[in-house]
Protein chains: 6
Amino acid sequence: MSAIRTPIEYNDASPEVRAVYDDIMATRKTDWVNNFWKVLAHDPASLRRIWTNIKEVMGPGTIDPLVKEMLYIAISASNGCRYCIASHSAAARAKGMTEAQYSELLAIVGLANETNRLVTALDVPVDERFL
Amino acid sequence: MSAIRTPIEYNDASPEVRAVYDDIMATRKTDWVNNFWKVLAHDPASLRRIWTNIKEVMGPGTIDPLVKEMLYIAISASNGCRYCIASHSAAARAKGMTEAQYSELLAIVGLANETNRLVTALDVPVDERFL
Amino acid sequence: MSAIRTPIEYNDASPEVRAVYDDIMATRKTDWVNNFWKVLAHDPASLRRIWTNIKEVMGPGTIDPLVKEMLYIAISASNGCRYCIASHSAAARAKGMTEAQYSELLAIVGLANETNRLVTALDVPVDERFL
Amino acid sequence: MSAIRTPIEYNDASPEVRAVYDDIMATRKTDWVNNFWKVLAHDPASLRRIWTNIKEVMGPGTIDPLVKEMLYIAISASNGCRYCIASHSAAARAKGMTEAQYSELLAIVGLANETNRLVTALDVPVDERFL
Amino acid sequence: MSAIRTPIEYNDASPEVRAVYDDIMATRKTDWVNNFWKVLAHDPASLRRIWTNIKEVMGPGTIDPLVKEMLYIAISASNGCRYCIASHSAAARAKGMTEAQYSELLAIVGLANETNRLVTALDVPVDERFL
Amino acid sequence: MSAIRTPIEYNDASPEVRAVYDDIMATRKTDWVNNFWKVLAHDPASLRRIWTNIKEVMGPGTIDPLVKEMLYIAISASNGCRYCIASHSAAARAKGMTEAQYSELLAIVGLANETNRLVTALDVPVDERFL
């Protein structure tokens, strides 16, 4: 049993895993699969389940695809997930995010984390108008 | 010295604090100030400083005002700040967020928190294409 | 089996639990025990173990007792533990924390949470001089 | 004063530190000590205190030793502690955790982090039956 | 548009939502549905999606059902989700968790959160044997 | 558009950015600027805004400068920001923090993170005396 889970490349993957890789590439209109899926592939059931969730939640809906990527970046930065920040920043840029927008996004991430803690520390009562 | 910091109402506020309250209401084109600022007002320097930051970061820029509120909600939900979720959800709704968009936003918040931890647990190496 | 763990009062406590309560009161030179210990008392081994740790770490050392309480508040505010903020703020005030100091402490809590996320999002390389 | 705390090897350790190393190896029936303890050894009082806690909490009790390691992994993954995930995964594997169990554990870590945020964002009222 | 999302009772639910409620009750062999699902029901797509995930991940597998609930509690306590702690503690008790086991679980939650931060603060290098 | 934000050196910086670098060095009575500011400099407005905040909050006040750095370390360790721990530890050492104080600080960081989770898990009711 290997202690580390290395990415499973397409050529080494089972038919079940390949089917998910194929769907990822077809959905994203691209010819490669990023490491998250290749590492998750050690557990085909999770690979399929998580991809199904991502496809449904990040797919067409009422929120703009670029905004969805920006939301993902904001959460990943708050949680400290370096890989997630890198991958979703790349996706956001591919969808048109400008450097000015990225700077503005980071400013909001920082400020929200600041005011979140001030509110928590001060135990601010929720205004009636917000209920 | 009071153990609890109660909201300071306009009529009980110092001229320094009132000036910030006035600017908040003028900037937001509204006639009231929410509890966060009224509790923060016990420390006029922080009140002025934080408001200056919020005004600059949340003001006109390259990201749509509604999207800015949605980013704030996403971060507040990840951080578990109940007041912040309530206040920024109210602001987002006032700026036109639909129930369908709110549901989609929550779905992204949940899923990003899930995949952030999977990535972290699996210590996924960052793809060269992302660098 | 009760679903909720209610505070165990001195008169209802076992001799083992009373011994810890007595030591808490003697160490703190006070005549009461706060709820954290009374709830933890459902598990006497944990009560004793955690109290032993707190007594050693928060006792006399090279950091001023008031500063220790301020560190506890800063961490509790970042973690969102309402009870912890309340109890350690009370302890800090009893040890002489002024309102001005509390305001300054909260400002640092907010700002550190902001810059922590900016640094993480930007993946800032550690300066050689810091190593 | 060194800026970095390097692991202190057995041969360079004080008798006080060696005594803890010896107890770690005897308790774990192994002939080596992992880096966490060797770095913590710069502060012998903390080394002794933390080891005493780990020995008591992770030692024989009513929860199976493998389950204890799995709980540690789940928390470490949620907190983003890379070293802790690596060390407790190794310990869990040594205690018999299969790859299938590890996959299932990771799936729970991801899903719990998702639903935790959904519950928080939605401010779900606690059901009476749970109280 | 209501600011708050109140639980949707069975009698007020759409056929799509009722189908999920029915499956929850059938799977759990119980006659009621807890508030999490009833609040999530405002977004039927998320209700169905999250329930499908929970059913797959928390269902029969290689980890004991009680252990799965304990993992959920450990994560929820680390994340500070009060509702989640209450609901999964109830589930764990229904599956046989004793008070002694619950105490032991809480002790691990506390200690893991302590050592996670010590490891992070000390930037402990991962031992080669763990890789 | 570069995917990575590399530090902007003084010689390559715009006059606006140089003005902030100059103020940082003058305020700190030093001849260099650390990477955080050099990376933030890709967004001059954020560079100026964050520096203004840091200068005001970390400048002279009612809390000792060394204590302010220790508070920053405590929060950064809880949040898992490696760079922030390194930079503020260096600053604290430059202001006189001893190794014994650093060890004591780390012990508090660990213990506070432990008791924060115990309190949260146990949902301890706030004592009336704390309100």
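# Exercises on helix packing and chain symmetry

The crossing of H1(C) with H3(C) is left-handed, and this handedness, like every other value treated below, belongs to a predicted model.

**Exercise 1.** Determine how the axes of H1(C) and H3(C) are oriented relative to each other, and describe the residues through which the two helices meet.

*Solution.* Two packed helices are described by the angle between their axes and the distance between the axes. For helix H1 of chain C, residues 15-28, and helix H3 of chain C, residues 44-58, the axes come within 9 Å and cross at roughly 20°. Angles under 35 degrees count as roughly parallel, and H1(C) and H3(C) are therefore roughly parallel to each other.

The next step is to list the contact from both sides. H1(C) contributes Glu16(C), Val17(C), Val20(C), Asp23(C), Ile24(C) and Thr27(C), which meet Pro44(C), Leu47(C), Arg48(C), Trp51(C) and Lys55(C) of H3(C). Sorted by character, the residues of this contact comprise six nonpolar, one polar and four charged.

**Exercise 2.** Identify the symmetry relation between chain A and chain B, and state whether the copies meet through the same surface or different surfaces.

*Solution.* Begin with the superposition: a turn of 180°, with a shift of 0.0 Å along the axis, lays chain A on chain B with an RMSD of 0.0 Å. That is the relation of a two-fold axis. Turning to the surfaces, 100% of the interface residues of chain A are also interface residues in chain B, so the copies meet through the same surface.

**Exercise 3.** Describe the interface between chain A and chain B by its residues in contact, the helices that supply them and their character.

*Solution.* In this pair, 51 residues of chain A are in contact with 51 residues of chain B. On the side of chain A that touches chain B, at least two residues each are supplied by H2 (35-40), H3 (44-58), H4 (65-79), H5 (82-94) and H6 (99-122) of chain A. The largest share comes from H6(A), with 16 residues. Divided by character, this side of chain A has 32 nonpolar, 15 polar and four charged residues.

**Exercise 4.** Identify the symmetry relation between chain D and chain A, and find which residue of chain D has the C-alpha nearest the axis.

*Solution.* Chain D can be laid on chain A by a turn of 120° and a shift of 0.0 Å along the axis, with an RMSD of 0.0 Å. That is the relation of a three-fold axis. In chain D, the C-alpha nearest this axis belongs to Gly80(D), at 4.4 Å from it. As a last step, compare the contact residues: 17% of those of chain D recur in chain A, and the copies use different surfaces.

Definitions and conventions
Residues numbered from 1 in each chain as written. Chains lettered and ligands numbered in written order. Predicted model: local features only at pLDDT ≥ 70, side-chain atom pairs only at ≥ 80, totals over all residues. Axes fitted to C-alpha atoms, helices over the stretch in contact; angles between N-to-C directions. Helix = DSSP H or I, 4+ residues; strand = E, 2+ residues; numbered from the N terminus. Parallel < 35°, antiparallel > 145°, perpendicular 65-115°, else oblique. Left-handed = near helix turned anticlockwise from the far one by under 90°. Contact = placed C-beta atoms within 7 Å. Nonpolar A, V, L, I, M, F, W, Y, C, P; charged D, E, K, R; others polar. Least-squares fit on C-alpha atoms with pLDDT ≥ 70 in both.
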